[in-house]
Amino acid sequence: LAVIRALGRSGLSVLAAGPDKRSLGFYSRYARATCLYPDPLSNEQEFVSTVRDTVERHKIPFVFPVAEETAITLDKYRSDFDGLTTLALPPSDALAIALDKNKTMPIARSLGITTPQSILPKTIEEALAFADRIGFPIVMKPRVSYGRIGTDFGFKVDYARDNKDFARRCREFESLGEFPLLQEYCPGVKVNHGILCADGELRGIYQYEGEREFPATGGITSLHLSTPVDPLLREWTKTLVRKLGWDGVAMIEYKVDKLTNRPVLMEINGRFWSPQSAANKLGLNFPHALYCYLRDGQCPSMDESYPIGKRNRFLMGDISSLGSIWLGMCPGYLNPVPGRWQALWHFLRDFRPGVQYDVLDMHDLDPSLRYLLSIPVEALRKLRKILRERRTRNQAGPAGSAEQHRLADKSAR
């Protein structure tokens, strides 16, 4: 939706595409036409055919994949679009590295960039030895968030709090025949760089710092602040994208421990970042700059003098973050979270003038109103799911199966 608005307000004709007829972008005043496509991972041939037919029918010169799953499949079938349209994708080898954390981290370390201690173990013994060496909690992540590399573990990030918990999880992974990537836990705040690059050179950067997330102990940013670009992190970002030869947009995530001021690289997302609308509203129109680069072959440098300290809110995520605290879903062994009443005050306090919202826009009312109306329905659905899976955990008890506990743990996160 943010990309559609940014391009439409620049005077371009935009066709909105999505996997769900309720996709908010379909209702934007800036969407001149729409395309409903099938799941790009499970129905990739049909997805590619749908996109190709739409491009041919509407004579579309540029295709902007804004989700990882669409980027993955379109990258695989790049040659199907040769001579037909331009795909706004980075080079295939660079995208493959960004998608696979087990490839990203060694390259970053070779460039002098600090990363979490990591291992992709092959045996329980390797996994337990790693835990003994770095201590708990242990972070567990799939090598890739989407795609066709490795096992689907059923989570994007998970934690083991102690030896007993970790040993149980390792036995599950062993039965699957594969282990996730294991990392040390890095406390701190999330500091992200939204960037635009041209052939490995940094042309635009927006830095924002997460203040609240969902889950509250770490996850999707639900409220962030625009911040000045940190000189060290800028240098790390420049070095990394130059090494990869990155072309186009990306989001690079860091964690910064405010007590020690130690930054670490967490991951690269080879797509537009989630709070793209915040940058748009601050005068950084990354989608239009990318369009100009694809059209002209020359990438404009973007002004970094954006307003500092501007608060931007993902309202549904912020409601979920508050709910996770009030329902006691935040493990006490991760980043500390405020108490219930303090969290409620922080939540209510941000209904104040000057706070920006990811989706809400007075100049594009239809998707804004649909989004507001969907919030109570979505909140009730999530609450029912949490309560249902909590019953599963209680019925499992201490002697319940590992799978029952895994489902209940996933619900709590």
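In this predicted model, E44 counts as buried, at 14% relative accessibility. The cut-off for that word is under 20% relative accessible area, so the value for E44 falls on the buried side of it. E44 has its place in helix α2, which covers residues 44–58. From there, the side chain of E44 makes a polar contact of 2.9 Å with the side chain of K76. Beyond α2, a reader following the chain meets K59, in the loop between α2 and β3 (62–63). K59 is exposed, with a relative accessible area of 71%. Its backbone also deserves a look: K59 has a positive phi of about 50 degrees although it is not a glycine. For background, most residues other than glycine have a negative phi.

A second buried polar residue worth visiting is D364. D364 is found in the loop between β15 and α13, and its relative accessible area is 1%, which makes it buried. The side chains of D364 and S28 are joined by a polar contact of 2.8 Å. Leaving aside residues up to four places away in sequence, D364 touches L1, R5, R9, Y27, S28, R29 and Y30.

Helix α13, which spans residues 365–396, holds L369. L369 is partly exposed, with a relative accessible area of 47%. Together with M362, L365 and L372, L369 makes a nonpolar surface patch of about 410 Å². As a general point about helices, an α-helix has 3.6 residues a turn, so residues three or four places apart point the same way.

Buried residues can also be followed along a helix. In α4 (residues 92–99), the buried positions are A94, L95, I97, A98 and L99. Which elements cover them? The cover over the buried residues of α4 includes helices α3 (68–76), α5 (101–110) and α8 (231–244), together with strand β13.

Strand β13 leads on to an open sheet of seven strands. Read across, the order is β13-β12-β9-β10-β11-β14-β15, and the pairing is mixed. At the edges stand β13 (262–269) and β15 (356–357), each of which pairs on one side only. In general, strands of a sheet pair through backbone hydrogen bonds, either parallel or antiparallel. Within this sheet, strand β9 (residues 189–198) and strand β12 (residues 248–257) run antiparallel and are joined by nine bridges. Two places along this pairing are easy to find in the model: A250 in β12 is the bridge partner of I195, and V249 in β12 stands opposite L196.

Strand β12 also pairs with β13, in the antiparallel sense and over seven bridges. Here M251 stands opposite N269 in β13. How buried is β12? Of its 10 residues, 10 are buried, so β12 is largely enclosed by the rest of the structure.

The connection from β12 to β13 is a hairpin with four residues between the strands. N261 has its place in this loop between β12 and β13. With a relative accessible area of 58%, N261 is exposed. The phi of N261 is near 60 degrees, a positive value in a residue other than glycine.

A further open sheet has four strands in the order β5-β8-β6-β7, with antiparallel pairing. Its edges are β5 (118–119) and β7 (158–160), each with a single partner strand, so one side of each is left without a neighbour in the sheet. Strand β6 (residues 138–141) runs antiparallel to β7, and three bridges join the two. In this pairing M140 stands opposite D158 in β7.

Just ahead of β6 comes another backbone feature. P137 is found in the loop between α6 (124–134) and β6. The peptide bond from F136 to P137 is cis, with omega near 0 degrees. By way of background, most peptide bonds are trans.

Methods:
Residues are numbered from 1 along each chain as its sequence is written. This is a predicted model: local features need pLDDT of at least 70, side-chain atom pairs count only at pLDDT 80 or more; totals for chains, interfaces and linings use all residues. Side-chain values use heavy atoms; hydrogens and water are left out. Patches are made of residues with over 30% relative accessible area and no salt bridge: like charges are joined within 9 Å, nonpolar side chains (Val, Leu, Ile, Met, Phe, Trp, Tyr) within 5 Å. Accessible areas come from the Shrake-Rupley method with a 1.4 Å probe; for residues, only the protein chains shown count as cover. A salt bridge is a side-chain nitrogen of Lys or Arg within 4 Å of a carboxyl oxygen of Asp or Glu. Buried means under 20% relative accessible area, exposed over 50%, partly exposed in between (1.4 Å probe, protein chains only). Two strands pair if DSSP finds at least two bridges between them. A polar contact is a pair of N or O atoms within 3.5 Å; within protein, one must be able to donate a hydrogen and the other to accept it, and residues adjacent in sequence count only if both atoms are side-chain atoms. Contact means heavy atoms within 4.5 Å.
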